[in-house]
Amino acid sequence: MAIFEPLADISGGRRKLKLTNPATLEEIGELECQTKAEVDAAVAKARAAQPAWAALSLDERINYMLKLRDEMLKASDEITETVIRETGKPPQDALTFEVYASCDFLSYWCKQAKKTLKDEKLKPGGLLGLMKKVVMTYKPLGVVGVIAPWNGPFVLTANPSIQAMLAGNTVVCKGSEVTPYSSKMFETLCQRAGLPDGVCQVLMGDGETGSYLTSSGVNKVSFTGSVATGKKIAAACSETLTPFTLELGGKDAMIVCADANVDDAVHGAVWGGCVNTGHFCCGVERIYVEAPIYDEFVKKAAEMAKSLRQGQSHGVEEDVGAVFWDRQMSIMESHVEDAKAKGATIHTGGQRNPNEKGLYFEPTVMTDVEEDWDVMQLETFGPILPIIKVNDVEEAIAKANDSNYGLHGSVWTKDKEKGLAIAKRIETGSMAVNDIGMMYGVACAPFGGVKESGMGSVNGQYALRGYTHPMPIVMGAYRGQDSGYPHDQKKLDQMNWIMNFMWKNPIGRFFFGP
Ligand code: NAD
């Protein structure tokens, strides 16, 4: 994590931040924030490198990415150690969500790019279809700015960057000031993989450095982070009409129907709420349980949450790691204290872990909470599970939809058809039935929020194509363009006849449309 250190001796105009390991509270170094001039220089370097990178064949770019995957696998320990030092994640979370996920995304995109980025032929409808063809080509945009948050610092730098690079763009990334070296690792590995200089650069800095990148003339901004910053990015991009995608916060609802397998749902809730210390954009943040199984669900969820082990003394057997940032700790504590003051029942947790020196918050299960409290309305982003009893599914759906967020969510029932029908009624970007929050990891699916949770998709073919300009090229008929001049009554009559034939005559309709 980073703590602001307003140093007087700012070197070369760079602000300095002090970096601290949240698990041990030991100082682990400093971050010097790059200046506007340095950001502009990085973008200029990326722009100079882009034509040669785009001129490579897709297979050549894929080969570079496969070398990058080799380097990621080779450096697996190095990546996880860097991430753990900056975030206090348990080794399991660091390996799975940073290294495995990055390799998995890379492999998927390399395979998918051959289909998604290759030229296509389109056949126009109507009369144009008799005379012309359209070739679609997917042109790189140029230089892409990638801005990443701290909860998945390596993978959230890697995933958009790999897509952008495969599509022929060069990238300039800016990792979070909370986890700068975890993002920087991605640049180091690109260099080790032999990527040409300037194809992938990772800037070091805070929000101000990020704002320089947004307004540096990049051809697209791919942003992952909070709603508040997302709105600033949207405003800055609108000044220059720079395209952008926003992957923002969530307040995912979990609906547990009376016919659900309670044990499965409890595992889903506790894992979905506590994985990555609850710093998970599609983590479980609100739970609505139908009355008949409510008591059993609460009891089992509390037992399981209580059993989770915290602290680095557990080594690889640590279940729930540190809170990555002191500012997030303050947000979590304020939501929990607000709920306690208003009368919530805390079944387990509800406080910092008193046995740990670092920033640890105990996995928390609470009930007797109201829909309009902070813990049910604002993104808590911690291992905190507020549970509400509902009379029926209709009440659960209404409550799930009563949110400014709409990123992900889940429904639990043994009746899959019913689950699907409920999922379709939730106002959110994606849903799961009897599953939890792996949506971001499903590379083939277009992951993106509605309402305040974002704009655009980070995954699926839309995301990959989003790093291109889909350029249609109309190919004229072999005899070339007939001007149609001079206009006269006979040509008007012919046009009328043709229209009537195409859409009133059964033979015409067979060929030209229903
Ligand atoms: P944040 O918005 O504070 O910061 C994100 C990044 O933006 C950082 O690199 C930061 O330095 C930079 N930044 C800050 N101000 C900026 C500005 N004015 N211009 C340009 N860049 C600026 O978010 P965070 O606290 O780092 O991340 C946590 C948030 O990210 C949570 O809300 C979480 O839900 C969300 N998130 C969403 C997804 C998703 O896929 N939807 C994934 C992970 C995290």
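**View 1. Gly225 and its neighbours meet the ligand.** In this predicted model, a polar backbone atom of Gly225 sits 3.2 Å from an oxygen atom of the ligand. Ala148 also uses its backbone here: one of its polar backbone atoms is 2.7 Å from a ligand oxygen. Leu248 joins in through a backbone N or O atom, this time 2.8 Å from a nitrogen atom of the ligand. How much of the ligand does the protein bury? On its own the ligand would expose 860 Å², and the protein buries 91% of that.

**View 2. The pocket and the shell around the ligand.** Here's the place where the ligand sits: the space it takes up is the largest pocket. Three elements give two or more residues each to the surrounding shell, namely helix H8 (207-214), strand E9 (220-224) and helix H9 (227-240). Which element gives the most? That's H8, with four residues. Zooming in on single residues, there are 31 around the ligand, and the ones that come nearest are Lys174, Glu177, Ser226, Thr229 and Glu379.

**View 3. An open sheet of six strands.** Read across this sheet and you get the order E8-E7-E6-E9-E10-E18, with mixed pairing. At the edges are strand E8 (200-203) and strand E18 (454-455), each of which pairs on one side only. Strand E9 may ring a bell, as it's one of the elements that give two or more residues to the shell around the ligand. Over by E18, two bridges link that strand to strand E10 (residues 244-247), and the two run antiparallel. To find the spot, look for Leu246, which stands opposite Met455 in E18.

**View 4. An open sheet of three strands.** This sheet has the order E4-E5-E19, and its pairing is antiparallel. Which strands form the edges? They are strand E4 (120-122) and strand E19 (468-475), each pairing on one side only. On average, neighbouring strands here are turned by 30 degrees against each other, ignoring direction. Strand E5 (residues 133-140) pairs with E19 over eight bridges, in the antiparallel sense. A handy landmark for this pairing is Lys133, found opposite Met475 in E19.

**View 5. The hairpin of E2 and E3.** Strand E2 (residues 16-20) and strand E3 (residues 27-32) pair in the antiparallel sense, with five bridges between them. Follow the pair and you'll find Lys16 opposite Glu32 in E3. What sits between the two strands of this hairpin? There are six residues, and Leu25 takes a positive phi near 65 degrees. That's worth a glance, because most residues other than glycine have a negative phi.

**View 6. Two loops with unusual backbone geometry.** Start with the loop between strand E14 (364-367) and helix H13 (374-377), which is home to Asp368. Although it isn't a glycine, Asp368 has a positive phi, near 55 degrees. Now switch to the loop between E19 and helix H17 (489-504), where you'll find Pro486. What kind of peptide bond joins Tyr485 and Pro486? It's a cis bond, with omega at about 0 degrees. For comparison, most peptide bonds are trans.

Notes. Residues are numbered from 1 along each chain as its sequence is written. This is a predicted model: local features need pLDDT of at least 70, side-chain atom pairs count only at pLDDT 80 or more; totals for chains, interfaces and linings use all residues. Side-chain values use heavy atoms; hydrogens and water are left out. Two strands pair if DSSP finds at least two bridges between them. Axes are lines fitted to C-alpha atoms, for helices over the stretch in contact, and angles run from 0 to 180 degrees between N-to-C directions. A residue is near a molecule or strand if one of its heavy atoms lies within 4 Å of it. A polar contact is a pair of N or O atoms within 3.5 Å; within protein, one must be able to donate a hydrogen and the other to accept it, and residues adjacent in sequence count only if both atoms are side-chain atoms. Accessible areas come from the Shrake-Rupley method with a 1.4 Å probe; for residues, only the protein chains shown count as cover. On a 1 Å grid over the protein atoms alone, a cavity is a set of points where a 1.4 Å probe fits but cannot get out, and a pocket is an open set with protein on both sides within 12 Å along at least five of seven lines; lining residues have an atom within 4 Å of a point. A molecule sits in a cavity or pocket if more than half of its atoms lie within 2 Å of its grid points.
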